[in-house]
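Me: I am new to this structure and want to know what lies behind the words used for it. Let us go through them one at a time.

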Amino acid sequence: MSRDIDVLVLGGAGVDTIVYVPELPLPYADSYMIDSGIRTRAGQTGDFVAVGLRALGLRTHHVDFLGDDPEGDLVRALHREHGIALTAIPQPAGTKRAVNLVGPDGRRLSLYDTSRAHADDRFPEDTLRTLAGASRQAHVSITHPCTHALPILREAGLTLSTDLHNWDGENPYHEPFAYTADVVFLSAAALTAPERTMRRIAERGRAEVVVATAGAEGAYLLTDGEVTHVPPVAPPAPVVDSNGAGDAFAAAFLHGRLAGEPPHRCALYGAVAGAHACTVPSTETAPMDVTELLRRTATL
């Protein structure tokens with residue numbers, strides 16, 4: 001079967017409302033005046049990964065649930081603007097939404113609306129099998145419908161990647177993703193012992209590569225049984241927002257992997273793209289293209 005899709009992205013479509021606050025944590029007050037404005041824009045984790053992959057020249061297809069609402073229209077417009085194929089499964093509950101509070105140093109606090117989903121939400125099997133059969137790789141968001149998609153993707157013979165985000169290493173919800181994917185990304189922020197968690201993922205599951213990102217401290221890479229430190233990359237401009245940095249890292253890493261680069265080179269690509277993402281306000285979408293990625297990497 002022809003593999004016309006480089007990366008099939010599952011889940012993670014939605015809109016965020018961005019609020020730049022004077023500090024985090026935000027002290028209680030009856031009200032705050034937000035001079036920078038409060039803006040709603042398309043882009044949650046799956047959207048950002050898809051945008052990053054497409055900017056790096058990969059044929060990308062995104063599938064998720066969307067509502068017939070203004071928020072869904074924003075997501076559809078984002079995909080049209082960036083030339084990303086989108087399969088939108090109707091969601092009567094509406095498009096997923098979140099509020100991101102962003103502090104002056106670029107840190108964020110995210111509030112997710114979990115009411116935009118149902119326990120019986122499933123990707124249609126025929127649709128999923130058709131898309132999987134045309135894809136080289138699948139990147140799976142940790143949303144409920146994606147849990148049920150994992151066996152179908154595995155049966156299709158795809159290489160799988162996932163991002164566990166701020167998993168604490170204990171919550172059982174994340175385990176099907178952690179132990180099914182070939183490439184696992186996660187944040188070290190909530191981990192008391194990142195290396196121990198990384199090794200457990202590899203030992204209990206299928207992961208060939210585990211990457212724990214650590215913000216300004218860089219990242220940690222587990223491959224071939226060895227954990228190494230990936231140094232941080234200096235952002236090319238002032239840091240304004242960490243939203244989407246992990247998604248940019250994942251997209252650039254997968255670009256390298258699909259190009260046949262070794263894991264350490266892929267992680268360097270990820271560090272460069274993640275640093276770039278921190279310089280882009282959440283209200284904008286400005287992914288790094290492959291020419292810029294290679295140019296910046298060549299100077300390191």
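Reply: Two residues count as being in contact when heavy atoms of theirs lie within 4.5 Å. The model is a predicted one. With that cut-off, T45, F48, V49, G52 and L53 in α1 meet D247, A251 and L254 in α7.

Me: What makes the contact of α1 with α7 five nonpolar, two polar and one charged by class?
Reply: Val, Leu, Phe and Ala count as nonpolar, Asp as charged, and the others, Gly among them, as polar. Set against the residues that meet, F48, V49 and L53 in α1 and A251 and L254 in α7 are therefore nonpolar. T45 and G52 in α1 fall under polar, and D247 in α7 is charged under the rule for Asp.

Me: Why are α1 and α7 called oblique to each other?
Reply: The axes of helix α1 (residues 45-55) and α7 cross at roughly 40 degrees and come within 8 Å. Angles under 35 degrees would count as roughly parallel, and 65 to 115 as roughly perpendicular. The value fits neither range, so α1 and α7 are oblique. The crossing of α1 and α7 is right-handed.

Me: Why does the word oblique also apply to α3 and α4?
Reply: The reasoning again starts from the angle. Helix α3 (residues 125-133) and helix α4 (residues 144-155) have axes that cross at roughly 40 degrees and come within 9 Å. That angle is not under 35 degrees and not in the range 65 to 115, so α3 and α4 are oblique. Their crossing is right-handed. E125, L128, R129 and A132 of α3 make the contact with A149, I152, L153 and E155 of α4. By class, these are five nonpolar, no polar and three charged residues.

Me: How do α7 and α8 pack, and at what angle?
Reply: α7 and helix α8 (residues 263-277) pack at an angle of about 145 degrees, and their axes are 7 Å apart. The crossing is right-handed. Among the residues of α7 in this contact are A248, F249 and F253, and α8 brings in residues including C266, Y269 and A273. The contact divides into twelve nonpolar, four polar and one charged.

Me: The structure holds four aromatic pairs. What makes F185 and F249 an edge-to-face pair?
Reply: Two values decide this. The centres of F185 and F249 are 6.3 Å apart, and rings pair if their centres lie within 6.5 Å. The planes stand at 75 degrees, and planes over 60 degrees apart count as edge-to-face. The pair links distant parts of the chain, with F185 in strand β10 (residues 183-187) and F249 in helix α7 (residues 245-258), 64 residues apart.

Me: Why are β3 and β7 said to stand at the edges?
Reply: Four strands form an open sheet in the order β3-β2-β6-β7, with mixed pairing. β3 (38-42) and β7 each have a single partner strand, so one side of each is left without a neighbour in the sheet. The twist averages 20 degrees from one strand to the next.

Me: How do you know that β2 and β3 pair?
Reply: Strands pair if there are at least two bridges between them. Strand β2 (residues 15-20) and β3 have five, in the antiparallel sense, so the condition is met. D16 stands opposite R41 in β3. Helix α2 (residues 70-82) packs on the sheet, touching β2, β3 and β6.

Me: How do you know that β6 and β7 pair?
Reply: The cut-off is at least two bridges. Strand β6 (residues 97-102) and strand β7 (residues 108-113) have six, in the antiparallel sense. N100 stands opposite S110 in β7. The hairpin has five residues between the strands, and G106 there takes a positive phi near 90 degrees.

Me: What makes β5 and β13 the edge strands of the other sheet?
Reply: Nine strands form an open sheet in the order β5-β4-β1-β8-β9-β10-β11-β12-β13. β5 (85-90) and β13 (226-230) each pair on one side only. Inside that order, strand β1 (residues 5-10) and strand β8 (residues 135-140) pair in the parallel sense over five bridges.

Me: What makes the bond from L24 to P25 cis?
Reply: Its omega is near 0 degrees. P25 is found in the loop between β2 and β3.

Notes:
Residues numbered from 1 in each chain as written. Predicted model: local features only at pLDDT ≥ 70, side-chain atom pairs only at ≥ 80, totals over all residues. Heavy atoms only, no water. Axes fitted to C-alpha atoms, helices over the stretch in contact; angles between N-to-C directions. Helix = DSSP H or I, 4+ residues; strand = E, 2+ residues; numbered from the N terminus. Parallel < 35°, antiparallel > 145°, perpendicular 65-115°, else oblique. Left-handed = near helix turned anticlockwise from the far one by under 90°. Phe/Tyr/Trp six-rings, centres within 6.5 Å; stacked < 30°, edge-to-face > 60°.
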